[in-house]
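The following exercises invite the reader to examine charged side chains and their surroundings. Each task is followed by a solution in steps.

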Amino acid sequence: MRIHKTWPCVRCPSCDRLASIPAEPGDNNAPRPGDVSVCFHCAARLVFTDNLSIRVMTVPEYEALTPWMRDTIDLLAAAARVRARAEV
C-alpha cells in the first residue's frame, strides 16, 4: 500500500472537486487498488478501488493502517485543512 495525493480526472467523493496527480497509468508512481490518499480540497481520507476510482476510507480501514501510515495520512489531512483555510 502506498500513499498518493490524488489521481487524474477523478472527483473526490466527499467534496466533488477534481483531483490530480503527476503520474500516468502504468507509471511506477501511479496508484494501485488499495493505495490511500487525501483530498487536498476537503481533507477526506481516500482509498483507490479496483478500477482506480476513489472512495472515502472507512474507520476500520483507517484503524488497520500502520501507525506510520496513519501519521502520514493525518499530516496530509492537516495540511489540506490549513490550505483550505488559507483559500478563504
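**Salt bridges and exposure**

**Exercise 1.** Determine whether Arg 45 is buried, partly exposed or exposed.

*Solution.* The model is predicted. Arg 45 has a relative accessible area of 27%. Buried means under 20% and exposed over 50%. Arg 45 therefore counts as partly exposed.

**Exercise 2.** Identify the salt-bridge partner of Arg 45 and state where the two residues lie.

*Solution.* The partner is Asp 74, and the closest N and O atoms of the pair are 2.8 Å apart. This satisfies the cut-off, which requires the nitrogen to be within 4 Å of the carboxyl oxygen. Arg 45 belongs to strand β5 (residues 45-48), whereas Asp 74 belongs to helix α2 (residues 67-87). With their positions 29 residues apart, the pair links distant parts of the chain. Asp 74 is partly exposed, at 25% relative accessibility.

**Exercise 3.** How many salt bridges does the structure hold, and which residue meets Arg 55 in one?

*Solution.* The structure holds two salt bridges. Arg 55 meets Glu 61, with an N to O distance of 2.4 Å. Glu 61 is partly exposed at 26% relative accessibility, and Arg 55 is likewise partly exposed, at 32%.

**Exercise 4.** Locate Leu 52 and classify its exposure.

*Solution.* Leu 52 lies in the loop between β5 and β6 (54-56). Its relative accessible area is 22%; because buried requires under 20%, and exposed over 50%, Leu 52 is partly exposed. The C-alpha atom of Leu 52 is separated by 6.8 Å from that of Arg 32, a residue 20 positions away along the chain.

Definitions and conventions:
Residues numbered from 1 in each chain as written. Predicted model: local features only at pLDDT ≥ 70, side-chain atom pairs only at ≥ 80, totals over all residues. Heavy atoms only, no water. Salt bridge = Lys/Arg side-chain N within 4 Å of Asp/Glu carboxyl O. Helix = DSSP H or I, 4+ residues; strand = E, 2+ residues; numbered from the N terminus. Buried < 20%, exposed > 50% of the residue type's maximum accessible area, 1.4 Å probe, protein only.
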